[in-house]
Amino acid sequence: MLKHIRTDQVTLGMYIDSFDGSWFDHPFWRTGFLLTADRDLAKIRDSSVTAVVIDVEKGADVGPETGSAPRGHSSQAPAKPASPPMPAKARTAEPASAVQRPSGQEQDYEHASQLVLRSKREVKRMFAEVRLGRAVDAERVGALVDDIAHSVVRNPSALINLARLKSKDEYTYMHSVAVCALMINLARHLKLDEKLIRDIGMAGMLHDVGKTTVPDTILRKAGPLTDSEFEVVKRHTERGYRVLQRSNGVPDIALDVSRHHHERVDGSGYPFGLKGNDISIYSRMAAICDVYDATTSDRPYKNAWKPPEALAQMRLCEGQFDEDILSVFIQSIGIYPVGTLVRLNSGLLAIVVEERDDDFTCPVVSSFFRVSDRRRTIVQTRRVDAVFERILCAEDPADWGFDDWETLRDTALTQASRTTHRAA
């Protein structure tokens, strides 16, 4: 059973399930452990963490007052420095067990947001150490990947969408986090063995570690690279592979992906020009996740594409990507989610009301406005299969003056649901 308690109630022998407050401020790189050391207890009490979630089935419960340590553990802990008095509202709040928690989706996005910030800091640290000639700390990276995997299971879109929203300056670091999350999500949709998914996540996190050998002047160059500069960039795959070779505990999948994620199914990639099944499934997955995140992120030399645009361009690169894996990838990220406002090539605005199992880029939509010169006129509502009327792009309802957008959307979805029910 989980219990939400203040940090001053924490004692040795408790099982720490998770931390409240900002994840990137908490004193440990992972959660889910039995608290047995005085120094770890001191870290918790000295941190800016506001509260802790404990599992009383795996460790000690909080005592009647401030809590007591179980037998066999010292109850003495370094004194916590004096803290500022709590606001009156906080002092009179309900007991910990009765505290109102955020709604599920809101909490998922809050956790994902904090995890993204913490991940960026951790990847920066890892890259800095590799630049100094040190090996990768696989245990530390693995702990971070575990947290990302947990977040992806809870709510895939939360972490993946937040990781995609990165500035040009932080692209190098956050790209690793985004590819890790995309790889884990794709692996789950491919129904790969659960034992492999952690290694696949590690591969995503470490795939670009060789970029530490590329000068910042090249990585952040605003214009096109020269041929010689591109040759420097291309060497990052081999150099990353060598870094991981001398790092203990790095899975073989990560070594393979670091070396081959720029290979292409048609043989047009590098460093070896491998073709087809000569490229492992993991590197074929990485190629898709890597390109998708790169093209949907702002870069020094180009602005981000919208996800549908990026996937459309990837589809046009016939032969470069594994088509079966790309189809599952599109499904895994739900490219046109139900409820999205889209524009059709026929000049209609429509709402996505149903996804199609055979092609997630061509959902069923309900059209309701005709557009011309940024004006809109009402037309008869009808269901349209986007196989026949192509979606040009997703649209922002605010750009079209839909002040009552939520009502319009909900009405369209309700009508679509009734139509589907009658047809069944």
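In the predicted model, helix α13 has several buried residues: Pro307, Pro308, Ala310, Leu311 and Met314. Viewed down the axis of α13, these buried residues lie within an arc of 160°, so they line one face of the helix. The spacing of residues along a helix gives the background to this pattern. An α-helix has 3.6 residues a turn, so residues three or four places apart point the same way.

One of the buried residues of α13, Leu311, was examined for its contacts beyond four places in sequence. Leu311 is in contact with Tyr292, Leu326, Phe329, Ile330, Ile333 and Ile335. Leu311 also belongs to the largest nonpolar core, which has 73 residues. Along with Val136, Ile148, Met205, Leu206 and Phe329, Leu311 is among the residues with the most contacts inside this core. The element that gives the most residues to the core is α6, with 12. A second core, of 16 residues, is separate from the largest one and includes Met14, Leu35, Ile44 and Val62.

Helix α6 spans residues 171–189 and contains Asn185. The relative accessibility of Asn185 is 2%, and Asn185 therefore counts as buried, the cut-off being under 20%. When neighbours within four places in sequence are left aside, the contacts of Asn185 are with Val152, Pro156, Ile160, Ser332 and Ile333. Ile333 thus appears in the contact lists of both Asn185 and Leu311.

The largest pocket encloses about 900 Å³ of space. This pocket is lined by 36 residues, of which His262, Asp290, Ala294, Arg299 and Tyr301 are the closest to its centre. Two or more lining residues come from each of α6, α8 (216–219), α9 (227–234), α12 (281–295) and α13 (307–316). Among the elements, α12 gives the most to the lining, with four residues. Sorted by class, the lining of the largest pocket consists of 17 nonpolar, nine polar and 10 charged residues. Helix α6, which gives the most to the largest core, is thus also among the elements that line the largest pocket.

For the chain as a whole, the secondary structure comprises 15 helices and nine strands. Of its 424 residues, 47% are buried. Among contacts with a separation of 6 or more, 66% are between residues 24 or more positions apart.

Key: Residues are numbered from 1 along each chain as its sequence is written. This is a predicted model: local features need pLDDT of at least 70, side-chain atom pairs count only at pLDDT 80 or more; totals for chains, interfaces and linings use all residues. Side-chain values use heavy atoms; hydrogens and water are left out. Buried means under 20% relative accessible area, exposed over 50%, partly exposed in between (1.4 Å probe, protein chains only). Contact means heavy atoms within 4.5 Å. On a 1 Å grid over the protein atoms alone, a cavity is a set of points where a 1.4 Å probe fits but cannot get out, and a pocket is an open set with protein on both sides within 12 Å along at least five of seven lines; lining residues have an atom within 4 Å of a point. Grid points are joined across faces, edges and corners, and a volume is the space filled by probe spheres set on the points. Ala, Val, Leu, Ile, Met, Phe, Trp, Tyr, Cys and Pro count as nonpolar, Asp, Glu, Lys and Arg as charged, and the others, Gly among them, as polar. A nonpolar core is a set of buried Ala, Val, Leu, Ile, Met, Phe, Trp, Tyr and Cys residues joined through side-chain atoms within 4.5 Å. The arc is that of the directions from the helix axis to the C-beta atoms.
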